[in-house]
Amino acid sequence: MRQSSRTYAPIHDAIMTFVAEGKAHTRADLARLLSLAPSTISLYVEELIHKGDLEEAGEVPSTGGRKGRRLRIKNDTHIYLVADLGTTHTRYGLAGTNGNLQEKRTESLPLRSGPESTLPRLVQLFTEILTQTHNQEKLAGIVIGLPAPIDHSGGCVHSASRIPQWNGFPLASWLSECFSVPTFIENDANIIALGEHTSHTQLHHSFTVKAGSALGVGIVVDGRIYRGGTGAAGDISHVRHEEYGNTLCLCGNYGCLETVVTAEALGEKWHQMGGKNSQADSLIQAAQDSEPLATHLLREAGEHLGNAVCSLASFFNPEGIFLAGKLSRVDVFVAAVRSCLYGGCHPLVTKNLMIDRSTSGFDAGIRGAAALACTMFNHTPYLSSHLTY
């Protein structure tokens with residue numbers, strides 16, 4: 001019996017990525033890259049063509065056998081600019097009407113230098129990608145994710161302790177004026193959560209924990225981002241507990257969860273306890289190499305996070321919990337979070353609960369931005385009929 005296409009989401013994502021990045025041009029290329037049988041790849045490709053995500057564009061020259069059919073991302077009538085702005089790097093690209101990512105790029109773009117120096121470069125990057133892909137006339141909207149609380153009514157960052165220069169800056173209206181299209185800005189944890197949710201279309205309720213330079217949770221209920229009354233839903237960064245110590249947090253309080261779980265905090269603590277430097281990437285690499293101190297610090301951080309997430313899971317009862325961000329790359333950290341959830345939640349909460357790393361990786365944010373663009377700007381919904389704003 002043929003399986004539901006919903007179970008194919010990870011393979012679909014891989015196919016779209018390889019085609020979008022120019023690594024695969026034919027079914028044979030995909031079969032080789034994914035180590036799958038040609039007949040299996042053909043099944044997946046036909047589903048994507050039927051969905052309107054892929055299309056065939058003539059034949060490729062023969063290398064001795066039958067000519068292959070060239071695959072490409074379907075040429076959409078509407079195009080969206082999407083970006084996930086991190087504190088140091090930006091992932092951005094173009095999405096089509098169905099939410100398929102047609103182009104994906106990464107750029108070093110430090111937000112902490114403020115909007116006056118950052119935005120001209122962002123506009124340049126957006127203009128270049130539109131010009132190079134000949135999509136200037138098709139641009140229908142922009143969705144941007146930022147690592148900060150968002151005032152959706154004003155289209156600006158609100159009370160951002162990590163990027164204070166952006167507080168109150170009218171980013172949405174500024175970009176709309178530059179490109180003459182509507183612009184929507186969203187918290188980065190929310191678009192990451194939405195992007196991950198679209199990779200698991202059998203789920204209706206999930207949340208994603210971003211544990212990287214900062215800490216945040218994006219919640220998706222019935223396919224919708226849940227923001228709460230003032231947009232602060234999922235902000236577990238400032239949950240306080242005596243176990244977290246008395247380090248001063250950016251919020252002005254002492255002993256917040258953020259001071260013991262984020263990559264920056266852990267890197268600094270590792271250095272103070274004898275690590276070679278305070279760089280989070282060095283700490284993560286040391287833990288992956290089984291260095292005892294690094295392993296201990298990341299296991300302890302995973303336990304702190306797991307206990308906090310345990311309360312959230314018990315209250316919310318999701319079908320899926322996903323871990324994203326730098327720290328999710330470390331096995332011992334993920335294992336500690338998972339152990340706390342299974343040990344601290346009622347068995348009914350964890351009975352069918354999926355607990356895993358983000359399958360979308362660095363693309364989760366722009367995938368979520370693409371999904372949000374399709375629904376915000378009243379074009380074809382992406383992937384799931386229950387995915388709406």
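**Exercise 1. Leu266**

Describe the surroundings of Leu266 in this predicted model: which residues is Leu266 in contact with, leaving aside its neighbours within four places in sequence?

Solution. Step one is the contact list. Leu266 is in contact with Val260, Val261, Leu283, Leu297, Leu298, Ala301 and Leu327, once neighbours within four places in sequence are left aside.

Step two is the location. Leu266 sits in helix 8, which covers residues 263-272.

Step three is the accessibility. Leu266 has a relative accessible area of 3%, and buried means under 20%, so Leu266 is buried.

Step four is a distance. Ala294 is 28 residues from Leu266 in sequence, and their C-alpha atoms are 9.0 Å apart.

**Exercise 2. His304**

Place His304 in the secondary structure and decide from its relative accessible area: is His304 buried or exposed?

Solution. Begin with the element: His304 belongs to helix 10, residues 292-316. Its relative accessible area is 10%. The cut-off for buried is under 20%, so His304 is buried.

Then take the contacts. Apart from neighbours within four places in sequence, His304 is in contact with Glu243, Tyr244, Leu257, Val260 and Val261. Val260 and Val261 also appear among the contacts of Leu266.

**Exercise 3. Helix 13 and Cys374**

Compare the span of helix 13 with the expected one, then state how many of its residues are buried.

Solution. Helix 13 runs over residues 364-376 and has 13 residues. From its first C-alpha to its last, helix 13 reaches 18 Å, close to the 18 Å expected at 1.5 Å a residue.

For the cover, 12 of the 13 residues of helix 13 are buried, so the helix is mostly covered. The buried residues are Ala364, Gly365, Ile366, Arg367, Gly368, Ala369, Ala370, Ala371, Leu372, Ala373, Cys374 and Thr375.

Cys374 lies in this helix. Its relative accessibility is 0%, so Cys374 counts as buried. Cys374 and Ile79 are 295 residues apart along the chain, while their C-alpha atoms are separated by 9.6 Å.

**Exercise 4. Gln136**

Locate Gln136 and list what Gln136 touches, not counting residues up to four places away in sequence.

Solution. Gln136 is in the loop between helix 4 (115-132) and strand 6 (139-146). Its relative accessible area is 40%. Partly exposed lies between the cut-offs of 20% and 50%, so Gln136 is partly exposed.

Beyond the residues up to four places away in sequence, Gln136 touches Leu130 and Thr131. Ile79 is 57 residues from Gln136 in sequence and 8.7 Å away in space, C-alpha to C-alpha.

**Exercise 5. Leu34 and Ser35**

Describe Leu34 and Ser35 in turn, giving the element or loop of each.

Solution. Leu34 lies in helix 2. Leu34 touches Ile11, Ala14, Ile15, Phe18 and Ile41, with residues up to four places away in sequence not counted. For Phe18, 16 residues away in sequence, the C-alpha to C-alpha distance from Leu34 is 9.7 Å.

Ser35 is in the loop between helix 2 (27-34) and helix 3 (38-51). Its relative accessibility is 65%. The cut-off for exposed is over 50%, so Ser35 counts as exposed. Its phi is near 55 degrees, a positive value in a residue other than glycine.

**Exercise 6. Asn317**

State where Asn317 is found and what its phi is near.

Solution. Asn317 is found in the loop between helix 10 and strand 13 (320-324). Its phi is near 55 degrees, positive although the residue is other than glycine. With a relative accessible area of 43%, Asn317 is partly exposed.

**Exercise 7. The whole chain**

Check whether the radius of gyration agrees with that of a compact globule, and describe the chain as a whole.

Solution. A compact globule of 389 residues would have a radius of gyration near 21 Å; the protein chain has 21 Å, so the two agree. The C-alpha atoms fill a box of roughly 65 × 50 × 40 Å along the principal axes.

The chain has 13 helices and 14 strands. Of its 389 residues, 53% count as buried. Among contacts with a separation of 6 or more, 60% come from residues 24 or more positions apart.

The exposed area is about 17300 Å², with 51% supplied by carbon and sulfur atoms. There are 32 positive and 37 negative side chains, and the centres of the two sets lie 6 Å apart.

Technical notes: Residues numbered from 1 in each chain as written. Predicted model: local features only at pLDDT ≥ 70, side-chain atom pairs only at ≥ 80, totals over all residues. Heavy atoms only, no water. Helix = DSSP H or I, 4+ residues; strand = E, 2+ residues; numbered from the N terminus. Rg over C-alpha atoms; globule rule 2.2 N^0.38 Å. Buried < 20%, exposed > 50% of the residue type's maximum accessible area, 1.4 Å probe, protein only. Contact = heavy atoms within 4.5 Å. Areas by Shrake-Rupley, 256 points an atom, 1.4 Å probe, with all protein chains shown as cover. Lys, Arg positive; Asp, Glu negative; His and termini not counted. Charge placed at Lys NZ, Arg CZ, Asp CG, Glu CD. Expected span 1.5 Å × (residues − 1).
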